[in-house]
Amino acid sequence: MKTYSGVTAYRLEQIEFRLKEDITTELRAFDNKVLVHVESDESKIVAKWEDCLPQNVLTLREVIESLQREDDPIELFRVPVTAEEAPDDTDYDCILQILSKIDLKDTAIVVGVEVRQWVDETIDQCSTYSTHLRDVIEKWRLAAEGAENEQMRRRAVRKGLASLRRYFGLIAFGAYLTSVSPDELGAVIDTFRQWMGRHKEFATMLEEMERGGLQSLVPVEHLSPGDGIALTTEVLDVVNSRDGAVLAKQTILKADIFPGAQKPSLLERVEGAPNYRKISLLDLAAKLGLEPTVLQGLSVYGIGMPTVEAIRTALNKVGAGKSGPRKVLWTSLREEPVIYIKGKPYILRLFQDPLKNLEITGITEERVAQMEEQMVKDCIAEPVWETVSLDDIKTPLQVYQSITAEGYRVDYKRIPMFALPTDEQAPIPVVFDQLVKRLDGFSGDTDAIFNCQMGRGRTTTGIVTACILKLIVGNEALLDSASEIEAHPSSSLLRDESPSETDSERTSRRYLAGEYKMVL
């Protein structure tokens, strides 16, 4: 049977009307009898001749209209949803438009309840006499694990993921509704589809779910701890019993600083923050053969995720301490939520994969800040494992605000940048737009500092962006075509080919010089 994915309500009613005409034609041909098929108690499909008059064949629309003529207070709205797939974002928007027509003055609205709990309770209540969505997910997981062959396994996984997408969609829709007051439902500015588009991290989650296959269908309590993590029974009980909105079941707070993060070749160090380095724009311009115009004194710095004390140390080092001569635009490129506990950064991780960053590509600065604020609340609500005061648990934003209040000359901002599956992924275009806007104040007595977790991948992207931007936009000589970029005489990457070079050496040199087909 063809699945009419994407069919409109109008088109669906046309199909039903034509089906009615076909049935009435068959009734006339077979003396007011029609051949139908029914499911027996043994779940077998059996044929049956049904007596029926043509006037008794009605479409759903005709049934509702007949009830309305009898003064039944009923209205029919059609929102065609494909049976084998999760509802589309526009399906939820259609449902929302229908519900917005209800008089909400005398209608109870559930507020203040954690979204997933609200959705789960709703599913439980609506599944009393029908299929339970979470049970369906578990059914297909068990079917996949016990499948006799690969074809049956793939089919079970596909069915399970479709149900999981449906479950995810309901939770996302619940989150959307809680972000809108009841009075705004009829004239909401953002549709659900637009809201989902703004929360790009949801698309990343769905992509990860699809890649996970059968593993995505396994409940978190059935997953084993990841490699390199040792959990005692006591700790495991706490991890399993967590119920915070962000610090949830099966999540851990992992120390963000770890042995081996520091690159040995970087001799200049800041205690408590790996991979500190400085790039002088004046020196860089000289190496590139550019005429420095407004670059005097400007520098770009890179650093790993710092402790609170390391932030102060770094600011003093670059001249942006209390009453220092310089100012600093400090930009964190972390997309994963981080909190500070007693001055040290901790990161949210899944306990079955503690060495992997959470995949939330496209998340906004505001959303990360909300997650970090909630993490602080979740931590405060946990049993006490270490003696801490409420002031000992802070978000990064709160840390920098307190340091600024001490007199340090720092302007902090978060620009979440993609970090997965490694720190070697290109950032999405909107990140470059945010960086350009951020660096508008990078001039005069104001330097720029970038940080990510280790101060390497994403930090280097920020450094290079700042250097390119300042060397081009801030270099009047280059804009006036008064000078040209020339290779530095000592550059081994841009030299002419040597007859003694091997093919391997020549290829390596060209790659290091950026001679790739897509950029030539």
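Select Asp 256, Ile 257, Phe 258, Ala 261, Pro 274, Met 305 and Gln 453: these residues line the largest cavity. The model is a predicted one. The volume of this cavity is about 40 Å³, and the structure holds one cavity of 30 Å³ or more. Colour the lining by residue class, and five nonpolar residues, one polar and one charged appear.

Next, zoom out to the whole chain. The protein has 520 residues, of which 37% count as buried. Switch to a cartoon view to pick out 17 helices and eleven strands. Among contacts with a separation of 6 or more, 69% are between residues 24 or more positions apart.

Now go to the five-stranded sheet. Follow the open sheet across in the order β4-β5-β11-β6-β10; its pairing is mixed. Select 277–280 for β4 and 410–414 for β10: these strands stand at the edges with a single partner strand each, so one side of each has no neighbour in the sheet. Looking across the strands, the twist averages 20° from one to the next.

Stay in this sheet and select residues 299–303, strand β5, together with residues 446–451, strand β11. The two strands run parallel and are joined by four bridges. To see one residue pair, show Gly 302, whose bridge partner in β11 is Phe 450. Then add residues 396–405, helix α13, which packs on the sheet and touches both β6 (327–332) and β10. The direction of helix α13 makes about 170° with that of β10.

Move on to the four-stranded sheet. This open sheet has the order β3-β8-β7-β9, and its pairing is antiparallel. Which strands are at the edges? Select 251–255 and 393–394: these are β3 and β9, the edge strands, and each pairs on one side only.

For a closer look at the β9 side, select residues 338–341, which form strand β7. Strands β7 and β9 run antiparallel, with two bridges joining them. Show Ile 341 and Ile 393 to display a bridge pair, the latter being the partner in β9.

As background for both sheets, strands of a sheet pair through backbone hydrogen bonds, either parallel or antiparallel. Turning on backbone hydrogen bonds in the viewer is a suitable last step. With both sheets displayed, the mixed pairing of β4-β5-β11-β6-β10 can be set beside the antiparallel pairing of β3-β8-β7-β9.

Note on methods. Residues numbered from 1 in each chain as written. Predicted model: local features only at pLDDT ≥ 70, side-chain atom pairs only at ≥ 80, totals over all residues. Heavy atoms only, no water. 1 Å grid on protein atoms, 1.4 Å probe; cavity = no way out; pocket = protein on both sides within 12 Å on 5 of 7 lines; lining within 4 Å. Points joined across faces, edges and corners; volume = space filled by probe spheres on them. Nonpolar A, V, L, I, M, F, W, Y, C, P; charged D, E, K, R; others polar. Pairing = 2+ DSSP bridges. Axes fitted to C-alpha atoms, helices over the stretch in contact; angles between N-to-C directions. Contact = heavy atoms within 4.5 Å. Buried < 20%, exposed > 50% of the residue type's maximum accessible area, 1.4 Å probe, protein only.
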